[in-house]
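Got your viewer open? Take a look at the structure below, then follow along one selection at a time.

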Amino acid sequence: MSYVQALCSKCDKVVEVDKNEEAWVCPHCSSPFVVEKGIRRFNAQQKDVAKKVKAADKGIADFEIDGNILVRYKGNSAEVAIPESITKIGENSFENNENIEKLILHDSLREIGGYAFRGCKKLREIRLPDSITNIGEWAFRECESLKSVMLPPQLRKIADSLFADCASLEKVDIGDNVAEIGIFAFSGCKSLVQIELPKNLAAIGKYAFSGCEKLEKMTISDNVSLIEDHTFAECKALSDVTLPKALKGIGQFAFKDCVSLRFVQLPPGVLSVDGFSGCSGLRAMEIPAKCETIGDFSGCTSLETIRIPATVKSINGGFDNCPKLLSINWPNLSGFMKFFPAYYEQEVDKRKKLGVCIYCGGEFKLIGKTCKVCGKKKDY
Ligand SMILES: [Zn+2]
Ligand SMILES: [Zn+2]
């Protein structure tokens, strides 16, 4: 097979196609198109880019340039082509530009600096050439009109806050070489429905997908060993999560208020489980056998049953506002009943009816009414 780039005739997006095939189905809009035609359209567009870049070289007055670096764009065009001599679009160079809608990049561009397009609220079209190896933090934050992005294949890290608050962003294609996603990278991407993470991904930063309200499905790459704090917090549509096989821990609030989650399969090597508070759809939880610590599960209002292994010796947090959690399978439960208020209340009622000690279920001595087992006084 030999892959080349083509343009989908329906949605106009770049698609990798096998040029030996006759037709191809667009992965963006699912429409079929003729491969040969798509390749021709792509090549024509590349020529058009070259022409516009040449034109930009003439209108160079709009650009403040230092060597090969574009320091600042001073124009007010809706469509901006980057001059050919530029290899780096500098930090903050287009920040908060209110006019730019379409950005035309040529394929000798290597780098986009931090904050370069931050707050370009009308920017809706951008095609990142394969030559780019580095994109700085916050570079596209708050680009509210941006709908889809295909990241360059050589990119290794998705920088901190790179696409944060891109409220229209529906689709992102991440290259296979990305090993790290920075903190807040996609936070607040309210339109993002699905995103495929690359196999080599090893780390995802805190808050990286927090507030992605439409995200439904997430398969986390197998090399990720830790789900950091708040990473998927407030992903209210998230109902299908596949956790990595090598996972060791889940941090605080990692899945906080993911109200559509009904069940999560925890991998057997997990040593520490936290992060599910406010998951009001969760029905049951099975903590893996080697786990050592569990955290806060408050507000899991549908949670009915939990199994916790004996290796867990205490709880950092608890099960407040889990009114249905009455079935608890944990060898160490007796010392921690107060961490399970609904269960505790039920137990206390039961013990009061039986006339035994509410703390341990022991019987009282006839004289003095103190518990034969724990020594506490009858107080009801
Ligand atoms: Zn398409
Ligand atoms: Zn007692």
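Here's a short tour of this model, which is predicted.

**Stop one: the core.** Start by selecting Ile82 and Ala139. These two have the most contacts inside the largest nonpolar core, which has 89 residues. Now colour helix 1 (35-58), strand 6 (69-73), strand 7 (79-81) and strand 9 (102-104): these are the elements that give two or more residues to this core. As a general rule, nonpolar side chains in soluble globular proteins tend to be buried together.

Stay with Ile82 for a moment. Setting aside residues up to four places away in sequence, Ile82 touches Val53, Ala56, Leu70, Ile89, Ile104, Leu105, His106 and Leu109.

There's also a second, separate core of 8 residues; to find it, pick Ala6, Leu7, Trp24 and Cys26, which are among its members.

**Stop two: helix 1.** Select helix 1 and run a distance from its first C-alpha to its last: you should get 35 Å for 24 residues, close to the 34 Å expected at 1.5 Å a residue. Next, highlight Gly38, Val53 and Ala56, which are buried in this helix. What covers the buried residues of helix 1? Show strands 1 (3-7), 2 (14-18), 3 (23-25) and 4 (32-34), plus strands 7 and 9, which are included in that cover.

**Stop three: Gly251.** Jump to the loop between strand 21 (249-250) and strand 22 (272-273), where Gly251 sits. Is Gly251 buried or partly exposed? Gly251 counts as partly exposed because it has 18 C-beta neighbours inside 10 Å, and being buried takes 20 or more. Leaving out neighbours within four places in sequence, its contacts are Leu226, Ile227, Glu228, Asp229, Asp274 and Gly275.

Notes
Residues numbered from 1 in each chain as written. Chains lettered and ligands numbered in written order. Predicted model: local features only at pLDDT ≥ 70, side-chain atom pairs only at ≥ 80, totals over all residues. Core = buried A, V, L, I, M, F, W, Y, C linked by C-beta atoms within 7 Å. Buried ≥ 20, exposed ≤ 12 C-beta atoms within 10 Å, placed from the backbone. Helix = DSSP H or I, 4+ residues; strand = E, 2+ residues; numbered from the N terminus. Contact = placed C-beta atoms within 7 Å. Expected span 1.5 Å × (residues − 1).
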